[in-house]
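Open the structure in your viewer and keep the selection tool at hand. Each stop of this tour tells you what to select and what to look for.

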Amino acid sequence: MIRDDRVAAVEHDGTPALFRPIRIRGLEIRNRIWVPPLCQYSVTERDGVPHDWHLVHLGSMAAGGAGLVIAEATAVSPDGRISDYDTGIWNDAQADAWARITRFLRSQGAASGIQLAHAGRKASVWPETVDRRGSQPIEEGGWTTVAPSPIAFDGLRAPVALDEAGIRGVIEDFRAAARRAVEAGFDVVEVHAAHGYLVHQFLSPLSNLRGDDWGGDLRGRARLLLEIVRAVRAEIGERMPMFVRFSATDWAPGGWDEEQTSTVAGWAAEAGADFFDISTGGLVRDVRIPVGPAYQAAHAEFVRGRAGVSVSAVGRITTPEQAERLVASGAADAVMFGKAMMRDPHLALRAANELGASASVWPPQYRRARPEVNDGEF
């Protein structure tokens, strides 16, 4: 049972579950085929400003019928970037550039989201688009990283532990980024608390060894996330949806797990979050992950049932049939297609054909290509 009425299905007439609209606070999203944040490492000017690649990358998925398109992990401060090729939203020039993109997404009928992020100890690395690995040297444009405790991520430079002022600064960075996200025209903001980045580092007992009010027991380790959620909610108002992305497990003994995820998801919902994007891993290297079709969906279903919150599933979900089963069964409220959407930005159009959904998702410019007017050929 979902705990409140902030998320609601929209009435339908036998439409496949994947294509039933969903309303979250003041936003109606046309279907449950969503695009998760997909890092592109393509800001060649290294100024955090998105450009034509980001417009075309995200815009093609909106034109391809996705209901919600979430922009990549976007740094709330310069030192919060994974690499200096990442997008940002810590200044007005970046927000202005994002506004061009959100306008196009909206023109295609898709809702637009942005993932607000700080990489913590996993920042200042060479991006996967260049032929170098590890921490970017300070003398070559890198920077000193921060974390809850001075414990390095394996293979990277050791971080500096944040003090009280530093933690408060991070919260204010998220607050300011949320304000700019609203100004840029985004429909949804997501707080990144997964994949071993800063907020996840505070949540996990493997990376947070603090003895103050920002560590220790679960409530202390969750404090940074909860204060960020409250700060973001204060900026975006009551009608705009807020998501949180969690890694439901570290896949490591003594680490973060789905029970803790469920508890903190409940607290985050009380603090103002509406929807939870459930992934796994990223905090530590060399763990055994049982990768396979839809391998993370069971974690999403667990959190949904245990915490009574709305969730999306992500990870090796590649076909419309898989996704339809997850939503129709109640395991998840929506499905994030990542690499599958990168391979086929028009995946939602294909899904509509395969599942027998309405053709209204097709953009007018493409309607003459619909299978029903082309002898069934997609």
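The tour goes through a predicted model, starting with its strands and ending with pairs of helices.

**Stop 1: the barrel.** Select the strands E4, E5, E6, E9, E10, E11, E12 and E13. In that order, these 8 strands close into a barrel, and their pairing is parallel. From one strand to the next, the twist averages 25°. As background, strands of a sheet pair through backbone hydrogen bonds, and the pairing can be parallel or antiparallel.

**Stop 2: one strand pair.** Now select residues 310–314, which form E12, and residues 334–336, which form E13. How many bridges join E12 to E13? There are 3, and the two strands run parallel. Show Val-314 as sticks: opposite this residue, in E13, stands Met-336.

**Stop 3: helices on the sheet.** Add H1 to the view. H1 packs on the sheet and touches E4 and E5 (68–75). The direction of H1 makes about 155° with that of E5. Next, add H7, which also packs on the sheet, touching E10 (242–247) and E11 (275–279). Here the angle between the directions of H7 and E10 is about 165°.

**Stop 4: H6 beside H7.** Keep H7 (residues 258–271) and select H6 (residues 223–236). Their axes come within 9 Å and cross at roughly 25°. Angles under 35 degrees count as roughly parallel, so H6 is roughly parallel to H7. The crossing is right-handed. To see the contact, show Leu-225, Leu-226, Val-229, Arg-230 and Arg-233 on H6, together with Val-264, Trp-267, Ala-268 and Ala-271 on H7. Coloured by class, this contact has 7 nonpolar, no polar and 2 charged residues.

**Stop 5: H9 and H11.** Select residues 320–328 for H9 and residues 347–355 for H11. At what angle do H9 and H11 pack? The angle is about 75°, with the axes 10 Å apart. H9 and H11 are therefore roughly perpendicular to each other. H9 contributes Pro-320, Glu-321 and Glu-324 to the contact, while H11 contributes Arg-350, Ala-351, Glu-354 and Leu-355. By class, the residues of this contact are 3 nonpolar, no polar and 4 charged.

**Stop 6: the buried residues of H11.** Stay on H11 and select Leu-347, Ala-348, Leu-349, Ala-351 and Ala-352, which are buried. What covers these buried residues? The cover includes E4 (33–35), H1 (52–63), H9 and H10 (339–343). Finally, move just past H11 to Gly-356, which takes a positive phi of about 75°.

Definitions and conventions
Residues numbered from 1 in each chain as written. Predicted model: local features only at pLDDT ≥ 70, side-chain atom pairs only at ≥ 80, totals over all residues. Heavy atoms only, no water. Axes fitted to C-alpha atoms, helices over the stretch in contact; angles between N-to-C directions. Helix = DSSP H or I, 4+ residues; strand = E, 2+ residues; numbered from the N terminus. Parallel < 35°, antiparallel > 145°, perpendicular 65-115°, else oblique. Left-handed = near helix turned anticlockwise from the far one by under 90°. Contact = heavy atoms within 4.5 Å. Nonpolar A, V, L, I, M, F, W, Y, C, P; charged D, E, K, R; others polar. Buried < 20%, exposed > 50% of the residue type's maximum accessible area, 1.4 Å probe, protein only. Pairing = 2+ DSSP bridges.
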